[in-house]
Amino acid sequence: MTVSPGRRRTAVFALFFLPGLAMASWVTRTPDVRDLLGASTGRMGLVLFGLSVGSMAGILCSGPLVARWGARPLIAAGTLATAAGSGVIGLGAAAGADTVVALGLGLIGLGMGGGEVALNIEGAEVERLLGRSTLPAMHGFYSLGTVVGAAGGMILTAVSFPVLWHLAIVTAVVLAVLVPTIRYVPAGVGRRTDNNSGTHTQVSAHPAVWKEPRLLLIGGIILALAMAEGTANDWLPLVMVDGHDFDPALGSAVYAVFAASMTVGRFAGGRFVDRYGRATALCASAIIGAVGIALVILVDNQAIAATAAILWGIGASLGFPVALSAAGDSGENSAARVSLAATLGYVAFLVGPPSLGQLGEHFGLRNALFLVLILVVAASFATPAARTPHPAGTTRADTSSTRVRA
């Protein structure tokens with residue numbers, strides 16, 4: 001079946017939306033899950049470690065699997081794992097079982113980590129066919145999913161709707177959207193072809209990719225800004241509840257504000273990147289995000305803390321898609337470059353939740369955020385690595401496009 005670029009774009013939008021919906025639905029219920037488990041801050045950090053392990057396993061496997069089978073099977077499997085993980089988290093919370101919740105988070109992480117590179121490779125191919133920058137908007141649909149999930153979670157938290165049934169509904173919604181949508185993702189995108197025989201073979205990343213300082217710096221930017229995004233996803237409601245004395249429903253509302261800010265930043269960010277370039281956009285993102293995080297840490301005022309979540313969200317919004325685009329455009333073998341940069345970024349998801357949990361246990365969650373703040377400030381100094389050279393005969397808009405070539 002031949003699929004038009006427009007339909008493929010719509011399918012990618014929907015497929016980015018689903019993991020955002022699942023993630024935010026879980027995040028907004030973290031205070032309730034913590035209470036159902038009777039877990040301390042440190043124990044919650046260990047539970048969240050399941051998400052980190054699943055994410056890292058998925059991202060490490062995704063590059064070789066896409067190279068061998070193409071993007072579509074990995075996108076489908078990843079979305080199925082995300083749906084299953086939501087249901088398992090609900091079961092574990094209802095049973096008061098830490099390990100079951102951690103398993104569910106591991107499934108979500110595996111699905112999102114495994115599908116991330118595949119979705120970006122398919123999205124980049126659609127972007128190439130359309131001839132205009134769309135990758136930030138695709139990530140914007142992930143953020144839109146977090147807004148919808150956060151709004152629903154906030155309402156259901158306020159009315160004390162059972163966590164089990166909430167996450168079971170999320171599982172059903174993800175499956176209901178996936179089944180009719182995945183057919184609009186063509187087979188074979190991202191699969192490597194042996195130029196001599198014409199057959200499809202698995203191609204590993206070129207060794208030189210791992211030795212390029214510029215690409216490693218771009219990976220460091222992703223790590224820092226993914227840490228900022230992931231910290232909010234994992235801890236922001238609890239930071240507001242435990243650190244600023246919000247009630248659970250309002251803590252979820254602040255997360256919804258953060259998610260909305262991420263969404264706005266991603267939908268509006270493409271034009272900013274095209275006009276001013278990737279390096280400038282990433283530097284501005286890091287500075288804005290750092291200001292927001294610093295205000296949450298240092299100012300003991302609920303109104304300012306809620307407002308700071310807006311800055312935090314805008315600052316984190318462009319980091320992942322724009323830096324991935326820079327990685328993909330940094331040389332040949334784009335899929336391997338995207339895989340490497342994303343792997344470095346996912347280190348944030350591996351070490352972030354347990355590290356912040358342990359720091360929060362000893363120093364309080366607000367003080368634990370200093371680790372994130374330091375990383376984001378450091379990333380602002382590394383952003384020149386994302387600058388794209390201007391070949392002769394091209395304009396700034398041409399070379400600052402957020403395109404990743406699949």
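Reader: Before I look at Glu122, what does buried mean here?
Author: Buried means under 20% relative accessible area. Exposed means over 50%, and partly exposed is in between. Keep in mind that this is a predicted model.

Reader: Fine. So is Glu122 buried or exposed?
Author: Buried. Its relative accessibility is 0%, so Glu122 falls under the 20% cut-off.

Reader: Which side chain does Glu122 meet in a salt bridge?
Author: Arg8. The N to O distance is 3.0 Å.

Reader: Where do Glu122 and Arg8 lie?
Author: Glu122 is in helix α5, residues 98-130. Arg8 is in helix α1, residues 5-27. The two are 114 residues apart in sequence, so the pair ties together distant parts of the chain.

Reader: And Arg8, buried or exposed?
Author: Buried as well. Arg8 has a relative accessible area of 7%.

Reader: How many salt bridges are there in the whole structure?
Author: Seven. One of them joins Arg29 and Asp32, at 3.0 Å from N to O. Arg29 counts as buried, because its relative accessibility is 2%.

Reader: What about Arg34? Which residues share a salt-bridge network with it?
Author: Asp35 and Asp242 are linked with Arg34 in that network. The side chains of Arg34 and Asp35 meet at 3.1 Å, N to O.

Reader: Arg34 and Asp35 are a pair. Which is buried and which is exposed?
Author: Arg34 is buried, at 14% relative accessibility. Asp35 is exposed, with a relative accessible area of 52%.

Reader: New topic. How many residues are in the largest nonpolar core?
Author: The count is 103 residues. Trp26, Ile293 and Trp312 have the most contacts inside that core.

Reader: Which helix gives the largest share of this core?
Author: Helix α8, residues 213-244. It supplies 14 residues.

Reader: Back to Ile293. What does Ile293 touch?
Author: Leaving out residues up to four places away in sequence, Ile293 touches Ala228, Trp312, Leu369, Val372, Leu373 and Val376. Trp312 is also one of the residues with the most contacts inside the core.

Reader: Now the surface. Which residues form a nonpolar patch there?
Author: Val257, Ile288, Ile310 and Ile314. Together they have about 250 Å² of accessible area.

Reader: Where is Ile310?
Author: Ile310 sits in helix α11, residues 302-317.

Reader: What is the relative accessible area of Ile310, and how does that class it?
Author: The value is 34%, so Ile310 is partly exposed. Patch residues need over 30%, and Ile310 passes that cut-off.

Conventions:
Residues are numbered from 1 along each chain as its sequence is written. This is a predicted model: local features need pLDDT of at least 70, side-chain atom pairs count only at pLDDT 80 or more; totals for chains, interfaces and linings use all residues. Side-chain values use heavy atoms; hydrogens and water are left out. Patches are made of residues with over 30% relative accessible area and no salt bridge: like charges are joined within 9 Å, nonpolar side chains (Val, Leu, Ile, Met, Phe, Trp, Tyr) within 5 Å. Accessible areas come from the Shrake-Rupley method with a 1.4 Å probe; for residues, only the protein chains shown count as cover. A salt bridge is a side-chain nitrogen of Lys or Arg within 4 Å of a carboxyl oxygen of Asp or Glu. Helices (H or I, at least four residues) and strands (E, at least two) are DSSP runs, numbered from the N terminus. Buried means under 20% relative accessible area, exposed over 50%, partly exposed in between (1.4 Å probe, protein chains only). A nonpolar core is a set of buried Ala, Val, Leu, Ile, Met, Phe, Trp, Tyr and Cys residues joined through side-chain atoms within 4.5 Å. Contact means heavy atoms within 4.5 Å.
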